[in-house]
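Q: I would like to learn how charged side chains are read in a model, beginning with the general idea and moving on to the case at hand. Could you take me through it?

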Amino acid sequence: MADAPRKIAVLGSTGSIGTNALRVIAASGGALEVAAISAHSQLDLLVAQATEFAPRWVVATDSKAAEKFDWSKLPKGTELLIGCDELNRVVAQPEIDMVLAAIVGRAGLESTWAALENKKTVALANKESLVMAGSLVMQLARKQGAQILPVDSEHSAIFQALQAGQPTEVERIVLTASGGPFRQLNQNQLKQVTVAEALEHPVWDMGPKITVDSATMMNKALEIIEARWLFDVPSERIDVSIHPQSVVHSLVEFVDGSVIAQMSPPDMRLPIQHALYYPQRVAGVAERVDWGTSFSLEFSPPDPERYPALELGHQCAREGGTTGTVLNAANEAAVGAFLAGELHFTEIVPACRSVLQSHNFDSDPTLESLVELDRWAREEVSHWVFA
Ligand SMILES: NC(=O)c1ccc[n+]([C@@H]2O[C@H](COP(=O)([O-])OP(=O)(O)OC[C@H]3O[C@@H](n4cnc5c(N)ncnc54)[C@H](OP(=O)(O)O)[C@@H]3O)[C@@H](O)[C@H]2O)c1
């Protein structure tokens with residue numbers, strides 16, 4: 001008899017990760033099933049997704065927008081839930097096997113937390129949950145016996161490479177980075193970068209926040225912190241290598257000098273599929289390496305002066321406590337201000353550094369104090385914004 005389908009709640013189904021995940025599920029031949037989807041602003045797309053996948057629940061997290069929207073086209077049998085608190089209720093439903101956390105930014109923390117509290121397996125794209133509250137989130141997962149499966153391509157690669165040895169045999173983790181669209185620009189040219197230029201990533205097609213994070217290299221800083229908590233590896237054993245082709249998604253070096261890498265063409269459907277099917281591997285829909293053509297792969301160490309965000313990532317991974325929350329909140333606010341035309345591209349990282357330096361460090365915060373600190377850090381960034 002065929003196994004029962006794995007029922008998945010796709011939180012943030014209208015985003016870049018969410019839509020790719022739905023394509024993976026659509027191609028699964030019934031092995032994976034959409035149990036719930038959620039969106040914030042793209043409600044037409046949410047209804048179209050509900051029509052295609054007939055989930056048991058749809059959640060519209062922006063209450064104001066949802067109340068004005070015409071829901072008459074929602075399929076019968078799909079229950080509409082309005083407001084972000086409903087995410088926490090949906091992920092607690094016994095019939096949901098797995099939660100794909102694909103909401104962007106701090107807004108994804110509570111539903112990730114609720115999923116783990118309810119002992120669900122979490123396929124984690126929302127790296128900000130671990131950046132903000134990595135120690136508490138990992139403690140909760142351990143306490144509840146809930147598994148976190150990485151969706152970020154780098155962390156998926158590390159997760160796979162770690163299976164080649166014991167945790168005590170790991171010498172270092174090397175996160176690869178494409179270097180973003182501005183790898184070749186000098187400081188003067190960087191000052192002139194426009195929003196449209198920052199939103200053009202050379203390799204990956206992603207949501208606006210992570211695309212800007214990739215251009216500043218803050219994305220890699222956040223990934224250093226994510227790796228620190230997810231794999232329990234100290235900051236000094238996490239390195240970054242610039243790899244413009246984005247084919248090797250990250251590497252693990254073991255004590256004997258062996259380096260195990262995971263490689264595949266840059267296509268987010270593969271790490272999403274890896275998490276959704278784990279521990280199984282299936283043929284799937286992702287692009288494959290073409291071994292019939294020649295290609296080269298380059299690696300080089302990042303210049304710390306060119307990419308100052310990396311040091312902030314190492315600092316937060318080293319110090320823990322409240323630092324991740326402050327960096328994450330300051331960065332979200334600064335990126336928001338840049339996208340609104342209120343902050344220069346080159347001021348995003350200095351604004352984050354300044355807020356990080358001026359906060360009252362606490363080595364052992366609670367979730368409530370982190371939420372309060374998140375609010376404070378966002379306000380601090382407003383001092384940097386053009387009048
Ligand atoms: N994109 C990638 O290739 C990639 C790779 C690795 C990791 N990630 C991580 O995956 C996460 C999602 O990234 P993305 O690129 O898919 O982002 P995205 O395209 O901007 O999509 C974000 C999703 O979150 C929803 N959302 C936005 N604000 C919300 C709020 N306040 N409350 C609830 N839902 C909200 C959006 O809904 P609406 O669209 O309806 O407004 C959308 O469904 C991020 O944490 C990112 O770092 C992404």
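A: A salt bridge here is a side-chain nitrogen of Lys or Arg within 4 Å of a carboxyl oxygen of Asp or Glu. The general idea is that side chains of opposite charge can pair when their charged atoms come close. This is a predicted model, and the rule yields a count of 19 salt bridges in it.

Q: How far apart are N and O in the salt bridge of Arg378 and Asp374, and where do the two residues lie?

A: The N to O distance between these side chains is 2.9 Å. Arg378 and Asp374 both belong to helix α16, which covers residues 367–381, and they are four residues apart, about one turn of the helix.

Q: Are Asp374 and Arg378 buried, partly exposed or exposed?

A: For this step the cut-offs are needed: buried means under 20% relative accessible area, exposed means over 50%, and partly exposed lies in between. Asp374 is buried because its relative accessible area is 4%, whereas Arg378, with 27%, is partly exposed. The pair is also part of something wider, since salt bridges that share partners join Arg106, Glu110, Glu332, Asp374 and Arg378 into one network.

Q: Which residue does Arg228 meet in a salt bridge, and why does Arg228 count as buried?

A: The side chain of Arg228 meets that of Asp232, with 3.6 Å from N to O. Arg228 counts as buried because its relative accessibility is 17%, while its partner Asp232 is exposed, with a relative accessible area of 62%.

Q: What is the accessibility of Glu311 and of Arg318?

A: Glu311 has a relative accessible area of 44% and is therefore partly exposed, and Arg318, at 47%, also counts as partly exposed. The side chains of Glu311 and Arg318 form a salt bridge with an N to O distance of 3.4 Å.

Q: Which residues does the C-terminal domain annotation cover, and how much helix and strand do they hold?

A: The unreviewed UniProt entry carries the annotation "domain: DXP reductoisomerase C-terminal" for residues 263–379; such annotations may be inferred rather than shown by experiment. Over residues 263–379 the chain is 52% helix and 1% strand, and the C-alpha atoms at the two ends are 41 Å apart.

Q: How far apart are Ala48 and Lys73 in sequence and in space?

A: Ala48 and Lys73 are separated by 25 residues in sequence and by 8.7 Å in space, C-alpha to C-alpha. Ala48 sits in helix α2, residues 43–53, and counts as partly exposed because its relative accessibility is 42%.

How values were computed: Residues numbered from 1 in each chain as written. Predicted model: local features only at pLDDT ≥ 70, side-chain atom pairs only at ≥ 80, totals over all residues. Heavy atoms only, no water. Buried < 20%, exposed > 50% of the residue type's maximum accessible area, 1.4 Å probe, protein only.
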